[in-house]
Amino acid sequence: MKTALACALCALVGAGGAWWFASSTGAPKVDPPVAVRDAPAPARTVPTPTEVAVLRGIMREELAAALKEQAPSPMSAASASAALAAAAASAQAPDPDEERNLEPSPVFVQAQAQVQASIAKGKWTEQDREQVSGELGRMTQKERDEVMRSVSRALNAGMRVDFAGPPFL
Amino acid sequence: MLGASLLATGVALAGSSSNQQVVVGTTGGLLYAKGTFRPVRNSADSTQYIGCSIYAYDSGSRSIACYATDAVGNYRNCSTSDPGMVQVAASLNPASYLYFVVNADGSCNRVISVNASYNL
C-alpha cells in the first residue's frame, strides 16, 4: 500500500515538475497536471506525516533547482538591457531615407516637374534625359523609382523618344 | 591543311541560331518586349534595339531601365530597383536574349535573359 502511495505521489511530483519545466523554458504551455488529481484510489489515501515530509522535501529541492535554472545570470541581464536599449533607440531614430521621404526633396519636385513638362509636350528629348538623369543620383531610392516609373509610363503610353537608347543616362 | 581548317570553322558555325528580332506586344494585359542581341544588332533596319542599363548610386542602391524599339519605332521600357531583376540585367552579354514585361505603373514586372550558343 505504501509503495502504491509513494508511486502516486511521485507521479504527482514528476508531472508537476514537467509542467514547471515547460512553463519556465518557453516550451508550448501545457495545462497543469489537474488530471492527476483525478487519479484513482491510491491518490485519495491520506499519506502519513513522514511521507508528506519526505515529499515536501523532494518538491522543495526540485523547485529550488528549477528557480536556480530560471534565474537570469548577470551577463544575460546586461545583454537583455543592452538589447532593449538598442531596440528603443532604433525605434526612436528614424531611418534617414524615410525621414527625407516625409517631405519630397526639392530635386525630386524639380525632376517630376520636368517629366510632367515633357509629357505635356509629348516627347522625351536628349536634353530631358540628361537633365533628369543628373538629378536621379540626388534622390532617395523611392523618389528615384517614382521618377523613373513616371517616364516609363509616359513612354509606353506613346510619348515620343527623340533619340535611340535608354531613357536615362 | 588551310582548307580543312576553314572547313572545320564552317562546321563550327553551323549550330542552331536564333533570329529573334525585337517584338513588342501584350501578355496578360501587360506590355512586353523581347529580342536577341545578335540578330537585332545585325538586322537590316537601323531602328531596332533592345537592352538594359544599370544605374548604381553611392547610397548603395541600384536601378535598371530596360528598353526596346522595334523595326517600326514602337518603344517599350520599364524600370525597377528589384535586386533580382537588377541581377538579371547584369547577366546580359552578346549571347543574350532579353524579355521584359511592364507593369501598368511603368515598373518591370519581370526581366528574363537567356544566354545560349544559338544567340551568338
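Helices, of at least four residues, and strands, of at least two, are DSSP runs numbered from the N terminus. In those terms, the elements of chain B in this predicted model follow one another from the N terminus as α-β-β-α-β-β-β-α-β-β, which comprises three helices and seven strands. Chain A, with eight helices and two strands, reads α-α-α-α-α-α-β-α-α-β from its own N terminus. The two chains are set side by side below.

| Chain | Residues and buried share | Share of contacts (separation of 6 or more) between residues 24 or more positions apart |
|---|---|---|
| A | 169 residues, 17% buried | 74% |
| B | 120 residues, 37% buried | 48% |

**The open sheet of chain B**

Three strands of chain B make up an open sheet in the order S3-S4-S5, with antiparallel pairing. Strand S3 (49–56) and strand S5 (75–80) of chain B stand at its edges with a single partner strand each, so that one side of each lacks a neighbour in the sheet. From one strand to the next, the twist averages 10°. Between S3(B) and strand S4 (residues 62–69) of chain B, which run antiparallel, there are eight bridges, and B:Tyr49 is placed opposite B:Thr69 of S4(B). Chain A also takes part here, since its helix H8 (residues 141–156) packs on the sheet and touches S4 and S5 of chain B, with a direction that makes about 165° with that of S5(B).

**The contact between the chains**

To the contact between the chains, chain A contributes 17 residues and chain B contributes 20 residues. On the side of chain A that touches chain B, H8(A) gives the most, with ten residues. Sorted by class, that side of chain A holds eight nonpolar, five polar and four charged residues.

**Helix H3 of chain B**

In helix H3 (residues 83–90) of chain B, the buried residues are B:Met85, B:Val86, B:Val88 and B:Ala89. Because these residues cover an arc of only 160° around the axis, they lie on the same side of H3(B). As background, an α-helix has 3.6 residues a turn, so residues three or four places apart point the same way. The exposed residues B:Pro83 and B:Gly84 are carried on the face of H3(B) that is turned away from its buried side. The cover over the buried residues of H3(B) includes S3, S4, S5 and strand S7 (108–115) of chain B.

**The hairpin and the nonpolar core**

S7(B) pairs with S6(B) in the antiparallel sense over seven bridges, and B:Val102 stands opposite B:Cys108 in S7(B). These two strands, S6(B) and S7(B), form a hairpin with five residues between them, and in its turn B:Gly106 has a positive phi of about 95°.

The largest nonpolar core has 44 residues, of which A:Val147, B:Tyr32, B:Cys52, B:Cys66, B:Ala89, B:Phe100 and B:Val111 touch the most other members. Strand S6 (residues 96–102) of chain B supplies the largest share of this core, namely six residues. When residues up to four places away in sequence are left out, B:Cys66 touches B:Cys52, B:Asn77, B:Cys78, B:Ala89, B:Phe100, B:Cys108 and B:Val111. Among these neighbours, B:Ala89 is one of the buried residues of H3(B), while B:Cys108 is the residue of S7(B) that stands opposite B:Val102.

Technical notes: Residues are numbered from 1 along each chain as its sequence is written. Chains are lettered from A and ligands numbered from 1 in the order in which they are written. This is a predicted model: local features need pLDDT of at least 70, side-chain atom pairs count only at pLDDT 80 or more; totals for chains, interfaces and linings use all residues. Two strands pair if DSSP finds at least two bridges between them. Axes are lines fitted to C-alpha atoms, for helices over the stretch in contact, and angles run from 0 to 180 degrees between N-to-C directions. Two residues are in contact if their C-beta atoms, placed from the backbone, lie within 7 Å. A residue is buried if 20 or more other C-beta atoms lie within 10 Å of its own, exposed if 12 or fewer, and partly exposed in between; C-beta atoms are placed from the backbone. Ala, Val, Leu, Ile, Met, Phe, Trp, Tyr, Cys and Pro count as nonpolar, Asp, Glu, Lys and Arg as charged, and the others, Gly among them, as polar. The arc is that of the directions from the helix axis to the C-beta atoms. A nonpolar core is a set of buried Ala, Val, Leu, Ile, Met, Phe, Trp, Tyr and Cys residues joined through C-beta atoms within 7 Å.
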